[in-house]
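Subject: Structure for you to look at

Hello,

Here is the structure I said I would pass on. Please open it first, then read the notes below it.

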Amino acid sequence: MTYLAQEKQSTHSLEPESSRDDSADRDRSEPQTGDEASHQRVFPEGDRYSRQVLFSGIGLEGQQKLGAARVAIVGCGATGSALAGLLARAGVGMLRIIDRDYVEPSNLQRQSLFDERDASESLPKAIAAARKIAAFNSEIAVEPRVDDLVPANVEALLEGTNLILDGTDNFETRYLINDYAVARSRSWIYSAAVGSYAVTLNVLPGQTACLACIFPDSPRGMVETCETSGILNSAVNLVASITATEAIKLLVGGAASLRRTLLSFDVWTNERSEISAGKPRAGCRACGERDFVYLAGEGRPHITLCGRNSVQIHERQRPIDFAEMDRRLQPHGVVRHNGFVLKFWHEPYEMTLFPDGRAIIKGTTDAAVARSLYARYVGS
Ligand SMILES: [Zn+2]
């Protein structure tokens with residue numbers, strides 16, 4: 001039985017939306033949404049995907065499966081942009097793009113779906129991505145969701161999809177995706193890039209290792225992030241290309257040729273490694289014991305409002321080296337520290353960081369904003 005056939009039984013219909021031809025007069029500058037998108041054919045049938053159909057691994061049948069597939073991309077930064085661009089051009093029928101951030105000038109170096117106008121207008125990434133995709137493939141549906149994936153909305157945001165792709169920048173969200181995917185027997189692909197390093201893992205619940213099999217806990221201490229270590233756009237495109245290919249294999253039923261390893265590659269040093277991930281690990285919290293702490297909202301540091309315009313992140317297990325953190329944060333704002341506390345000013349926010357990883361972020365009452373800042377500059 002193919003992957004798609006399994007999904008068809010267990011989740012939602014993969015049939016094309018019934019409203020496909022309803023809105024031919026729609027203004028093309030507006031992003032399309034899955035429920036009311038116009039999907040009329042722009043070019044003669046067979047033209048657009050002809051080179052892909054010629055590829056023996058896909059063929060006409062595979063192309064039709066791609067057209068019926070529904071894929072969620074969580075996070076539309078660099079990796080998410082590249083994944084969405086590749087899969088949209090390949091003809092995946094529906095892409096749900098979930099991202100709560102706005103396009104900024106520093107994104108343009110690597111986030112391939114955005115342009116200068118998106119950055120000057122501070123467009124939400126999900127909306128900008130949907131518009132850009134509509135300009136090169138209006139025959140597929142894009143559902144932009146300007147939202148942060150959290151336990152409270154994970155069901156609503158991911159339901160009705162066949163496959164989940166990771167375009168996030170933090171482990172907290174990845175463990176949430178992993179819990180959801182394992183609980184619902186839905187495949188997902190982990191992808192990450194930082195500096196010149198890229199890493200990816202296919203997770204087929206019950207068949208392969210899951211993220212928690214390989215990394216039982218999120219990295220502790222100060223984690224390298226794109227904000228602190230930079231990132232090469234080529235590392236992003238490498239991991240996105242590998243992930244998009246694995247996604248296509250899954251969607252066309254080519255599971256036999258899927259990679260069953262955790263693959264990492266450094267495009268600068270050319271170091272490459274693969275760790276076997278062919279089997280679930282006995283005793284794994286997620287796929288063995290089915291203890292979905294992230295889905296239940298227990299796996300994340302508690303975040304509370306504190307004061308009129310501040311949020312506190314109650315992290316206690318992330319020892320912070322202030323001297324090192326000072327060095328990392330210098331390019332991004334003013335930093336001061338003594339033995340007890342480190343202060344970091346990054347307009348319009350002020351972050352106060354304690355040695356155990358606890359933080360108070362002034363300048364917002366939005367837990368998602370605070371969590372995102374913390375993930376970018378301290379770790380996730
Ligand atoms: Zn596992």
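Start with one residue: the bridge partner of Val71 in strand 4 is Leu163. Bear in mind that the model is predicted.

The strands

Val71 and Leu163 are a way into the pairing of two strands. Strand 1 (residues 70–74) and strand 4 (residues 163–166) run parallel and are joined by four bridges.

Where do these two strands sit in the sheet order? The order is 3-2-1-4-5-6-7-8, so you will find strand 1 between strands 2 and 4, in an open sheet of eight strands with mixed pairing. At the edges are strand 3 (141–145) and strand 8 (272–276), each of which pairs on one side only. On average, neighbouring strands of this sheet are turned by 15 degrees against each other, with direction ignored.

The helices

Two packed helices are described by the angle between their axes and the distance between the axes. For helix 4 (residues 78–90) and helix 11 (residues 233–252), the axes come within 8 Å and cross at roughly 45 degrees. The two helices are therefore oblique to each other, and their crossing is right-handed.

Which residues make the contact? Helix 4 contributes Ala78, Thr79, Ala82, Leu83, Leu86, Leu87 and Ala90. From helix 11 come Asn233, Val236, Asn237, Val239, Ala240, Thr243, Ala244, Ala247 and Ile248. The residues of this contact divide into twelve nonpolar and four polar, with no charged ones.

Regards

Notes: Residues numbered from 1 in each chain as written. Predicted model: local features only at pLDDT ≥ 70, side-chain atom pairs only at ≥ 80, totals over all residues. Axes fitted to C-alpha atoms, helices over the stretch in contact; angles between N-to-C directions. Parallel < 35°, antiparallel > 145°, perpendicular 65-115°, else oblique. Left-handed = near helix turned anticlockwise from the far one by under 90°. Contact = placed C-beta atoms within 7 Å. Nonpolar A, V, L, I, M, F, W, Y, C, P; charged D, E, K, R; others polar.
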